[in-house]
Structures are given as C-alpha cells and as structure tokens.
Amino acid sequence: NSGTGDWVDQSLNFVANGGGTSNGAAVSEAGDVIVVGEENFEESAGPSYSNIGRVSVFKDAGGGSWTDPGTVINNPSGTTNEYFGSGIALSRDTSGGYPTVLAVGAKQQPWEPTNNGGKIYFFQYGAGSYSNISGLTVDGSAGSPGDNLGDYPMQLNSAGTRIILGSNKDRVYVLERDNLADTTWTQVG
C-alpha cells in the first residue's frame with residue numbers, strides 16, 4: 001500500500017533453477033517479511049518432476065523494494081514428492097528483524113497412496129539466518145497415515161511455542177513447548 005489508499009506493484013524475483021508453484025505463503029505481523037513456499041520446486045540436479053520444494057524469504061529493503069532474491073530455505077530432507085512449502089506459519093515475534101519461528105509443511109511426506117502423513121519442519125531465526133530444529137519436526141505418518149499435515153491450516157502463537165495443525169482426518173492437533181530453547185513438542189489435550 002502506498003499510504004494513499006492505492007496499491008503499488010512490488011514484484012518479487014525468485015532465484016533461478018526452476019522455481020516451483022507456490023501454495024504456502026505468509027506475511028509477518030509488521031508486513032515487512034514475506035515467506036513463499038514453492039512446493040513444486042524441481043531441484044536442478046535431481047529427477048524430473050521431483051517436487052522437492054523450497055521456501056523463499058523476502059524482507060522489505062525500504063523504498064518500495066524487497067531483498068532480491070531473499071533467503072532460500074531448501075528442503076532439509078531433499079525427499080522427492082514431499083512438496084516442502086505446501087504450508088507456512090510464522091510466529092509474530094520479530095525481535096531479530098525476522099519472525100523468530102517459521103513452520104513449513106510438506107504435505108505428502110512420505111509419498112505413498114496409503115500414507116501421505118505429511119511433515120512439519122521448524123526453523124528458528126538467529127545470528128542472521130534460519131536453522132532447522134530437527135527435534136521439533138512433526139511427522140504425520142508416525143501415528144496417523146492420511147493426515148496430510150502441511151496441506152491444511154496451521155497457526156503458530158506469537159512466541160512460536162504453540163502450534164495448531166489441521167489435518168485431512170477431521171482432527172486438529174495442538175502442540176506446545178516451554179520456550180524457544182526446548183526442542184521437543186508435547187501434545188496438548
């Protein structure tokens with residue numbers, strides 16, 4: 001928004017090497033960070049139609065421009081047909097200039113017609129970049145095949161210590177941890 005009530009087109013340029021279809025996307029509370037999931041991203045060195053996915057993070061650089069191409073977060077597992085980036089959720093805490101916690105869904109991990117439990121990966125911002133916190137990963141195939149976690153709405157609380165996950169099985173999961181240093185979730189209820 002230009003401040004005058006009119007919208008101003010501010011295009012975002014993605015990195016080269018086969019950008020994918022965007023499904024998941026989120027904007028920070030202050031509106032100065034945009035996170036876009038490219039769930040159909042094809043890794044250039046990988047197989048055709050790999051659907052590995054990736055996420056691009058853009059920050060308002062001021063003056064109507066965005067960081068170009070921004071930060072790219074590649075799928076930590078590199079798994080084919082995982083669709084990493086199918087869902088995005090951000091914490092509202094931006095004390096480091098970026099949302100402190102970033103949740104990224106991979107709706108078809110592992111890809112099997114009878115499973116597709118989905119996975120949610122978590123990243124925390126610190127020292128100028130996002131790091132994958134592997135202990136926080138939520139694996140939908142572990143307990144309930146067919147949930148397709150990451151393909152349904154998910155929401156982090158302000159601090160990034162509680163998440164609500166929708167699923168394909170008409171159920172909602174609520175998980176929490178005590179603080180940002182805690183690397184495991186506990187299911188609530």
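How many bridges pair β11 with strand β12 (residues 162-166), and in which sense do the two strands run? Three bridges pair β11 and β12, in the antiparallel sense. The model described here is predicted. This briefing covers an open sheet, an enclosed strand, a buried aspartate, aromatic pairs and salt bridges.

**The open sheet**

- Four strands make up an open sheet, and their order is β11-β12-β13-β14. The pairing is antiparallel.
- β11 (154-156) and β14 (186-187) are the edge strands. Each has a single partner strand, so one side of each has no neighbour in the sheet.
- Where β11 meets β12, Gln155 stands opposite Ile164 of β12.
- As a general point, side chains in a regular strand alternate between the two faces of the sheet.

**An enclosed strand**

- Strand β6 covers residues 84-90. Seven of its seven residues are buried, so β6 is largely enclosed by the rest of the structure.
- β6 is joined to strand β7 (residues 101-106) by five bridges. The two strands run antiparallel.
- One bridge position is Gly87, whose partner in β7 is Gly105.

**Asp147 and its surroundings**

- Asp147 sits in the loop between α1 (140-143) and β11.
- Asp147 counts as buried because its relative accessible area is 1%, and the cut-off for buried is under 20%.
- The side chain of Asp147 makes a polar contact of 3.2 Å with the side chain of Ser167.
- Asp147 also forms a salt bridge with Arg171. The closest N and O atoms are 3.4 Å apart.
- Arg171 lies in the loop between β12 and β13, so this salt bridge ties together parts that are 24 residues apart in sequence.
- Unlike buried Asp147, Arg171 is partly exposed, with a relative accessible area of 34%.
- Beyond its neighbours within four places in sequence, Asp147 is in contact with several residues, among them Asn116, Gly117, Gly140, Tyr152 and Tyr173. Asn168 and Lys169 are also among these contacts.

**Aromatic pairs and clusters**

- The structure has six aromatic pairs.
- One of them joins Phe122 and Trp185. This pair is tilted, at 5.0 Å centre to centre and 55 degrees between the planes.
- Phe122 belongs to strand β8 (residues 119-126), while Trp185 lies in the loop between β13 (172-176) and β14. The pair therefore ties together parts that are 63 residues apart in sequence.
- Both rings belong to buried residues: Phe122 has a relative accessible area of 0%, and Trp185 has 15%.
- Tyr125 and Tyr130 form an edge-to-face pair. Their ring centres are 5.1 Å apart, with 65 degrees between the planes.
- Tyr130 is buried, at 13% relative accessible area.
- Phe84, Tyr121 and Phe123 form one aromatic cluster.

**Charges over rings**

- Lys59 lies over the face of Tyr98, 5.2 Å from the ring centre.
- Lys107 lies over the face of Tyr83, 5.1 Å from the ring centre.

**Salt bridges**

- The count of salt bridges is five. In general, side chains of opposite charge can pair when their charged atoms come close.
- Besides lying over Tyr98, Lys59 meets Asp32 in a salt bridge with an N to O distance of 3.1 Å.
- This pair links distant parts of the chain, 27 residues apart. Lys59 is in strand β3 (residues 54-62). Asp32 is in the loop between β1 (22-27) and β2 (33-38).
- Lys59 is buried, with a relative accessible area of 18%, whereas Asp32 is partly exposed at 22%. The two fall into separate classes because the cut-off for buried is under 20%.
- Glu176 and Arg162 form another salt bridge, with the closest N and O atoms 2.5 Å apart.
- Glu176 is in strand β13 and Arg162 in strand β12, 14 residues apart. Both strands belong to the open sheet.
- Glu176 is partly exposed, with a relative accessible area of 30%. Arg162 is also partly exposed, at 33% relative accessibility.

Conventions. Residues numbered from 1 in each chain as written. Predicted model: local features only at pLDDT ≥ 70, side-chain atom pairs only at ≥ 80, totals over all residues. Heavy atoms only, no water. Pairing = 2+ DSSP bridges. Buried < 20%, exposed > 50% of the residue type's maximum accessible area, 1.4 Å probe, protein only. Polar contact = N/O pair within 3.5 Å; in protein donor to acceptor, adjacent residues only side chain to side chain. Contact = heavy atoms within 4.5 Å. Phe/Tyr/Trp six-rings, centres within 6.5 Å; stacked < 30°, edge-to-face > 60°. Lys NZ or Arg CZ within 6 Å of the ring centre and 35° of its normal. Salt bridge = Lys/Arg side-chain N within 4 Å of Asp/Glu carboxyl O.
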